Amino acid sequence: MSVAAVIPTLNEEACIAKAIDAARASGVDEVIVADGGSTDATIAIAEARGARVITGERMRARQLNRGAQAASASAIVFVHADTLLPLGAARAIEDALRSHVFGGFRLKFAESDPQLRVAETMINLRTALTKSPWGDQAQFIARKPFLAKGGFREIPIMEDYELAVRMKRSGPTVIVPLHVITSGRRFLEKGLWKTAAINWRIITQYRLGGDPEALAKIYRG
């Protein structure tokens, strides 16, 4: 089994090089950067790092789908531009997908702030209980079933949550006991409890049939 890392970007020049380097070091066979119209040096940096760059309409879900369609590997791991895959991630994905349909990783935040230790503990506990990793936990899946099942739902927010719930209904899911390292900038900017409250408000409204466009405005606001 081969693994492709698909990284969606929009003006991520500050972190894309590290994300690509970590993906390469993790053992993946190809790195695809799915750009949504960056106006900074993101594309130039990605190309210089040896990634294949796919450009097109912005919206993370659409960018992720384009990247998966362009990949030649048999499995895909979706990696946020501010997230670093751990060493051995590709092998762990290959092993996991022999008996599971979908999975993700445990999470650590890059920053040392104490409130982030609380946040990552909460996230990892939630994921251990639900077996439904979200986008910042580097979701992975075999490419053909992913495309056959329609890929990500092309909505402006909650595409990662929707995929996790849908895949859990289709077969066994797994959380690999390795940690991705990601940025806690949103928690630091808005505060731990405010961020958690916003997230769960959006999840609740989404499950009740809320409009993703309206929910995206709440998230950004």
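How many aromatic pairs does the count come to? It comes to eight, and keep in mind that this is a predicted model. Helix H9 (residues 192–207) is a good place to start, since H9 packs with H5 (residues 114–130) and its axis also crosses that of H7. After the helices come the rings, then two loop residues with positive phi.

**H5 against H9**
- The axes of H5 and H9 sit 10 Å apart, and the packing angle is about 30°.
- Angles under 35 degrees count as roughly parallel, so that's the label H5 and H9 get relative to each other.
- On the H5 side, the contact uses Gln-115, Val-118, Ala-119, Met-122 and Arg-126.
- Facing them from H9 are Leu-192, Trp-193 and Trp-200.
- Sorted by class, the residues of this H5–H9 contact come out as six nonpolar, one polar and one charged.

**H7 against H9**
- H7 covers residues 159–170, and its axis comes within 11 Å of the H9 axis, crossing at roughly 55°.
- H7 and H9 are therefore oblique to each other.
- As for handedness, H7 passes H9 in a right-handed crossing.
- Here Tyr-161, Glu-162 and Val-165 of H7 meet Ile-203, Tyr-206 and Arg-207 of H9.
- By class, that H7–H9 contact has four nonpolar and two charged residues, with no polar ones.

**Aromatic rings**
- Ring pairs tie Trp-134, Tyr-161, Trp-200 and Tyr-206 together into a cluster.
- Some of these names have already come up: Trp-200 is one of the H9 residues that meet H5, while Tyr-161 and Tyr-206 are both in the contact of H7 with H9.
- Phe-146 and Phe-152 make an edge-to-face pair, with 5.5 Å centre to centre and 70° between the planes.
- Both Phe-146 and Phe-152 are buried.

**Positive phi in the loops**
- Ala-138 isn't a glycine, yet it has a positive phi of about 55°.
- You'll find Ala-138 in the loop between H5 and strand E7 (140–142).
- Is Ala-138 buried or exposed? Its relative accessibility is 0%, so Ala-138 counts as buried.
- Met-158 is another non-glycine with a positive phi, this one about 75°.
- Met-158 belongs to the loop between helix H6 (143–148) and H7.
- With a relative accessible area of 8%, Met-158 is buried, because the cut-off for that is under 20%.

Technical notes:
Residues numbered from 1 in each chain as written. Predicted model: local features only at pLDDT ≥ 70, side-chain atom pairs only at ≥ 80, totals over all residues. Heavy atoms only, no water. Axes fitted to C-alpha atoms, helices over the stretch in contact; angles between N-to-C directions. Helix = DSSP H or I, 4+ residues; strand = E, 2+ residues; numbered from the N terminus. Parallel < 35°, antiparallel > 145°, perpendicular 65-115°, else oblique. Contact = heavy atoms within 4.5 Å. Nonpolar A, V, L, I, M, F, W, Y, C, P; charged D, E, K, R; others polar. Buried < 20%, exposed > 50% of the residue type's maximum accessible area, 1.4 Å probe, protein only. Left-handed = near helix turned anticlockwise from the far one by under 90°. Phe/Tyr/Trp six-rings, centres within 6.5 Å; stacked < 30°, edge-to-face > 60°.
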